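Reader: Hey, can you walk me through this one? I'm new to reading structures.
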Amino acid sequence: MMVTGESRLFIPDIAIVDRAAVQRGTLAVPLEAVLLLVEIVSPFNRSTDRILKPALYAQAKVPAYWRVELAPAVRIVVHELSVDTYREVTTVTGKESVQVAGEFSVELDVPGLLGDLAD
């Protein structure tokens, strides 16, 4: 899903948005409807996902940003907006309940993300 801002188009790996902003056939949602953006870091986009995108998302006032790191071990680094930058809240490596910008909680199962790949 694409996210549109005043002068930018964001294409995150995962976007969690207000349900009212999404209808059948929705390809893009307004930035104001976004609650969480998630990036999955690969060897080809490390600096973009770790430095550039969080800076742009914070500037756009996206309440939460998560980064899925694949190496050396899979983990989710949870960030929340604090004024004009993100602060790291926690890193999830197992099963854990995590708050999303104070709006709702999510049950994460990081080992479950790997499924049969872990064998």
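Author: Sure, and one term up front: a residue is called buried when its relative accessible area is under 20%. Keep in mind that this is a predicted model.

Reader: OK, so is Y65 buried or exposed?
Author: Y65 counts as buried, because its relative accessibility is 1%, and the cut-off is under 20%.

Reader: Which ring does Y65 pair up with?
Author: Hang on, let me start with the whole set: a search of the structure turns up three aromatic pairs. One of them is F10 with Y57, an edge-to-face pair with 5.4 Å centre to centre and 70 degrees between the planes.

Reader: Where do F10 and Y57 sit?
Author: F10 is in strand β2 (residues 9-10) and Y57 in helix α1 (residues 46-59), so this pair ties together parts that are 47 residues apart in sequence. F10 and Y57 are both buried. Now to your ring: Y65 pairs with Y86, and that pair is tilted, with 5.7 Å centre to centre and 35 degrees between the planes. It links distant parts of the chain, since Y65 belongs to strand β6 and Y86 to strand β8 (residues 85-92), 21 residues apart.

Reader: And what do F10, Y57, Y65 and Y86 form?
Author: One aromatic cluster.

Reader: Cool. Switching to charges: how many salt bridges are there?
Author: The count comes to five. Among them is R50 with E69, where the closest N and O atoms are 2.8 Å apart. That pair links distant parts of the chain, with R50 in helix α1 and E69 in strand β6, 19 residues apart.

Reader: Are R50 and E69 buried or exposed?
Author: R50 counts as partly exposed, because its relative accessibility is 36%. E69 is at 2%, so E69 counts as buried.

Reader: Which other salt bridge has E69 in it?
Author: E69 also meets R67 in a salt bridge, at 2.5 Å from N to O. R67 lies in strand β6 (residues 64-69), and with 13% relative accessibility R67 counts as buried.

Reader: What else does R67 touch?
Author: Leaving out residues up to four places away in sequence, R67 touches E39, V41, D49, R50, R75, I76, V77 and H79.

Reader: Which salt bridge is D49 in?
Author: D49 meets K53 in one, at 4.0 Å from N to O. K53 and D49 both lie in helix α1, four residues apart, which is about one turn of the helix. K53 and D49 are both buried. Together with E39, they are linked in a network of salt bridges.

Methods: Residues are numbered from 1 along each chain as its sequence is written. This is a predicted model: local features need pLDDT of at least 70, side-chain atom pairs count only at pLDDT 80 or more; totals for chains, interfaces and linings use all residues. Side-chain values use heavy atoms; hydrogens and water are left out. Helices (H or I, at least four residues) and strands (E, at least two) are DSSP runs, numbered from the N terminus. Buried means under 20% relative accessible area, exposed over 50%, partly exposed in between (1.4 Å probe, protein chains only). Contact means heavy atoms within 4.5 Å. Rings of Phe, Tyr and Trp (its six-membered ring) pair if their centres lie within 6.5 Å; planes under 30 degrees apart count as stacked, over 60 as edge-to-face and the rest as tilted. A salt bridge is a side-chain nitrogen of Lys or Arg within 4 Å of a carboxyl oxygen of Asp or Glu.
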